[in-house]
Amino acid sequence: MTSPNILLRPVEERDLELLLAWRNSERIRANMYTDHIITWEEHRSWFERLTRDKESFAFIFEAEGRPLGVVNLNHMDRANNRCHWGFYLGETDAPKGSGTQMAYLALRHVFEELKLHKVIGEALAFNSASIAYHEKLGFSREGQLVEHVFRDGSYLDVICFALLSRDWPRVKASLEKKCL
Ligand SMILES: CC(C)(COP(=O)(O)OP(=O)(O)OC[C@H]1O[C@@H](n2cnc3c(N)ncnc32)[C@H](O)[C@@H]1OP(=O)(O)O)[C@@H](O)C(=O)NCCC(=O)NCCS
């Protein structure tokens, strides 16, 4: 069996244009907490904050040398050994299974490099793809934040998910079967 050529690498200056195009696309904005069109200046300030911030990381997911998506790790809490993750595939023609490959690399980083105890994911309640994705990956549903996000004149519910380090070996084995 040949391993796919996949990696996560930190976001760099050269990625900023592509990232902004992805983030401002209708498909991605629809699933984010904030859905306004992000300006170049806002985007640059985000990147400058990111380079200074010790509690947030952003990674490009590449397959066969092509950037396909992004993973953000933020709210890094070293006292409680947990962080939040956020992600999306920016390219609409990413091969099926790309999301699972991206998650495998991100979770391996969280549990094996950062050695965290818990990773938390949040999805808007209407985002059935993200909810199914978290469940398929092995996250547990921890609850629902009611009317948590105000967008376009209405309050939206958020579903909370988490994965613990003790579950990582089992999840890792199952993801490796699927995506390596
Ligand atoms: C969520 C996302 C990363 C999944 O990527 P993907 O490449 O489709 O994922 P995979 O092909 O590896 O599929 C993994 C699982 O995700 C779920 N899934 C993916 N697309 C789905 C869809 N359109 N509807 C329902 N479930 C879906 C399924 O459970 C799937 O497993 P299955 O095919 O065995 O049923 C991708 O759809 C995405 O970037 N969405 C837009 C941004 C977004 O919502 N980000 C999350 C914000 S919380």
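A residue counts as buried when its relative accessible area is under 20%, and as exposed when that area is over 50%. Keep those cut-offs handy for the exercises below, and remember that you're looking at a predicted model.

**Exercise 1. Is Glu62 buried or exposed, and which side chain does the side chain of Glu62 touch in a polar contact?**

Step 1: Find the residue. Glu62 sits in strand 2, which covers residues 57-63.

Step 2: Check the accessibility. Glu62 has a relative accessible area of 12%. The cut-off for buried is under 20%, so Glu62 is buried.

Step 3: Look for a polar partner. The side chain of Glu62 makes a polar contact with the side chain of Arg9, at 2.7 Å.

Step 4: Add the wider surroundings. Skipping neighbours within four places in sequence, Glu62 is in contact with Asn5, Ile6, Leu7, Arg9 and Pro67.

**Exercise 2. Now take the partner's side: where is Arg9, and which residues is Arg9 in contact with?**

Step 1: Arg9 belongs to strand 1, residues 6-10.

Step 2: Its relative accessibility is 11%, so Arg9 counts as buried.

Step 3: Besides the polar contact between the side chains of Glu62 and Arg9, there's one between the side chains of Arg9 and Asp15, at 2.8 Å.

Step 4: Leave out neighbours within four places in sequence, and the contacts of Arg9 are Arg14, Asp15, Ala58, Phe59, Ile60, Glu62 and Pro67.

Put together, Arg9 of strand 1 has side-chain polar contacts with Asp15 and with Glu62, and Glu62 lies in strand 2.

**Exercise 3. What is the sign of phi in Glu64 and in Asp152, and where do these residues lie?**

Step 1: Start with the general pattern. Most residues other than glycine have a negative phi.

Step 2: Look at Glu64. It isn't a glycine, yet its phi is positive, at about 50°. You'll find Glu64 in the loop between strand 2 and strand 3 (66-77).

Step 3: Look at Asp152. Its phi is near 50°, again a positive value in a residue other than glycine. The loop that holds Asp152 runs between strand 6 (140-151) and strand 7 (154-164).

Step 4: Check the surface. Glu64 has a relative accessible area of 59% and is exposed. Asp152 is exposed too, with 66%.

**Exercise 4. Glu113 and Leu114: which is buried and which is exposed?**

Step 1: Place them. Glu113 lies in helix 4, residues 98-113. Leu114 is in the loop between helix 4 and strand 5 (118-124).

Step 2: Compare each value with the cut-offs. Glu113, with a relative accessible area of 57%, is exposed. Leu114, at 15% relative accessibility, counts as buried.

Step 3: See what Leu114 touches. Apart from neighbours within four places in sequence, Leu114 is in contact with Leu73, Met76, Arg78 and His109.

Step 4: Try two distances, C-alpha to C-alpha. Glu113 and Thr100 are 13 residues apart in sequence and 19 Å apart in space. Leu114 and Gly90 are 24 residues apart along the chain, and their C-alpha atoms are separated by 25 Å.

**Exercise 5. Zoom out: how many helices and strands does the protein chain have, and how does its radius of gyration fit the globule rule?**

Step 1: Count the elements. The protein chain has six helices and seven strands. From the N terminus on, they run β-α-α-α-β-β-β-α-β-α-β-β-α.

Step 2: Compare with the rule. The radius of gyration of the protein chain is 16 Å, close to the 16 Å the globule rule gives for 180 residues, so the chain is as compact as a globular protein of that length.

Step 3: Get the dimensions. The C-alpha trace spans about 45 × 40 × 35 Å along its principal axes.

Step 4: Look at burial and contacts. Buried residues make up 44% of the 180 residues. Of the contacts with a separation of 6 or more, 62% come from residues 24 or more positions apart.

Step 5: Finish with surface and charge. The chain exposes about 9,900 Å², and carbon and sulfur atoms supply 51% of it. There are 24 positive and 26 negative side chains, and the centres of the two sets lie 6 Å apart.

Definitions and conventions: Residues numbered from 1 in each chain as written. Predicted model: local features only at pLDDT ≥ 70, side-chain atom pairs only at ≥ 80, totals over all residues. Heavy atoms only, no water. Helix = DSSP H or I, 4+ residues; strand = E, 2+ residues; numbered from the N terminus. Rg over C-alpha atoms; globule rule 2.2 N^0.38 Å. Buried < 20%, exposed > 50% of the residue type's maximum accessible area, 1.4 Å probe, protein only. Contact = heavy atoms within 4.5 Å. Areas by Shrake-Rupley, 256 points an atom, 1.4 Å probe, with all protein chains shown as cover. Lys, Arg positive; Asp, Glu negative; His and termini not counted. Charge placed at Lys NZ, Arg CZ, Asp CG, Glu CD. Polar contact = N/O pair within 3.5 Å; in protein donor to acceptor, adjacent residues only side chain to side chain.
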